[in-house]
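Here is a short tour of the empty spaces inside a protein, followed by a few unusual spots along its backbone. Have the 3D view ready to follow along.

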Amino acid sequence: MKATQTPVQAARQPPAHVRALTFVLDVACGRHALSPLIPAALWLADAVLTCLVIWKVPYTEIDWVAYMEQIRQFVHGERDYTKIKGGTGPLVYPAAHVYTYTGLYYLTGEGENILLAQQLFAVLYMATLGLVMLCYWKAKVPPYIFPLLILSKRLHSVFVLRCFNDCFAAFFLWLTVYAFQRRMWALGALAYTWGLGIKMSLLLALPAVGAVLLHARGFSGALSLAWLITQVQVVIALPFAAANTSGYLARAFELSRQFKFEWTVNWRMLGEETFLSRGFALLLLGLHAATLAAFLATRWMRPARRSLLEMAPAWLRFRSALTPDQEIRVSRRVTPEFVTTAMLSATLVGLLFARSLHYQFYAYLAWSTPYLLWRGLPNAALVYPLWLLQEWAWNVFPSTSESSTAVVAVMATTVLAVYFGTRNDGLEVKPAVKKR
């Protein structure tokens, strides 16, 4: 027989609209059995959206033809980096970029089949989005943050309407985070070094990579992985270094590049004279170093439960500051949340103090901001407006003083939020002593 509710039981139940709201909140906050379906549903929805973007929005040529012109010279035997040029100028990316785009060169009929290139970048976009969602879920991000991962107009444009090499670099950055979260340290190191070999933008994450590996693998293990990262860079550079070592290093890792004011997304509000001044460049460099030092000293050393000043002397003597047993205990404190927060915050700090950002740099920022805002301001009423402001600013073309101000303001707010919002992370909480 079917049980029926008594009038008293029915009266005790909350109204239907309250139950519906509770259900929605439970799903959105990850407290319901249906919550894990949200990322998968959003991923499928974005697959449809990405196909529609390719179908309906015209492709815009910026760098693809220049990439292919440069690759054609490589395919025909040129190995001197100073002699490889395209329509937009000389080749200024490391060797992994050349190898990656050589594959695309052959797949797309020597770069002629643009539609196929867009489709390949759509696959890359969906693969990167999948990695991002897996990293978010591993870091215990609630489902209500996930819609922000698929709603960016500028990010779709960077991937499937522009085909920038930043898309590959971003993929390998997230593959690094994914591998480190799952304690696959060698895979993470290989992913990181290949991404760095595509574009040196990944140098921004290097301080966090070093901190994660030091805590997770101990001093000697971290040195081994650092040597692996270096070896890969040396091996992929050999064909070009053999032809012109200084030329390769100067072009692939050019740190003295002159930036054009007309293309900048950030700092436009300061005016061209200030933007191009040496004093401003040195100020940004100093602020970048100081902010990284603050994160390293007060946030990224938390797993060791020792200060940087305590451990640095032993490192300088190429020795571990911890015993083997202590290193094992420290390694257990390297959580997925720590990995994700450190890697993304280091990248964001670098972007905040970069002298010039172009639109393709949104490939690194768009999927980092939702996580970092949530870590610092775990409230949808705060995260969503800041994300919307950032998205608006990166879609203004050409950039204006107002949009540049918004770009810098949101990044600065995010850095401050994640710094102060994680002030208690990893700290030991001593149980209160009961008074008799």
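## The largest cavity

In this predicted model, the largest cavity encloses about 90 Å³ of space. Just one cavity of 30 Å³ or more is present in the structure. To find its walls in your viewer, select Leu214, His215, Gly218, Phe219, Ala304, Met311, Trp315, Ser320, Ala321, Leu322, Glu327 and Val330, which line the largest cavity. Two or more of the lining residues come from each of α10, α13 and α14 (324–332).

Helix α10 gives the largest share of this lining, with four residues. Sorted by class, the lining of the largest cavity holds eight nonpolar residues, three polar ones and one charged one. Glu327, which is among the lining residues, is that charged residue, because Asp, Glu, Lys and Arg are the residues counted as charged.

## The second largest pocket

Now turn to an open space. The second largest pocket contains about 400 Å³, and 18 residues line it. Nearest to the centre of this pocket are Leu206, Gly210, Ala222, Leu223 and Ala226.

Which helices supply at least two residues each to the lining of the second largest pocket? They are α9 (185–198), α10 (206–252) and α13 (308–316). Here, too, α10 makes the largest contribution, supplying 12 residues. The lining of the second largest pocket is made up of 15 nonpolar and three polar residues, with no charged residues.

## A cis peptide bond

Next, a stop on the backbone. Phe397 and Pro398 are joined by a cis peptide bond, with omega at about -10°. To locate Pro398, look in the loop between α18 (380–394) and α19 (401–421).

## Positive phi angles outside glycine

Glu110 is not a glycine, yet its phi is positive, near 60°. Glu110 sits in the loop that runs between α5 (95–107) and α6 (114–138). Is Glu110 buried, partly exposed or exposed? With a relative accessibility of 44%, Glu110 counts as partly exposed, because that class lies between the 20% limit for buried and the 50% limit for exposed.

Arg305 also has a positive phi, of about 55°, without being a glycine. The loop between α12 (278–298) and α13 is where you will find Arg305. The relative accessible area of Arg305 is 41%, so this residue is partly exposed. If you step back along the chain from Arg305 to Ala304, you arrive at a residue that lines the largest cavity.

Technical notes:
Residues numbered from 1 in each chain as written. Predicted model: local features only at pLDDT ≥ 70, side-chain atom pairs only at ≥ 80, totals over all residues. Heavy atoms only, no water. 1 Å grid on protein atoms, 1.4 Å probe; cavity = no way out; pocket = protein on both sides within 12 Å on 5 of 7 lines; lining within 4 Å. Points joined across faces, edges and corners; volume = space filled by probe spheres on them. Buried < 20%, exposed > 50% of the residue type's maximum accessible area, 1.4 Å probe, protein only.
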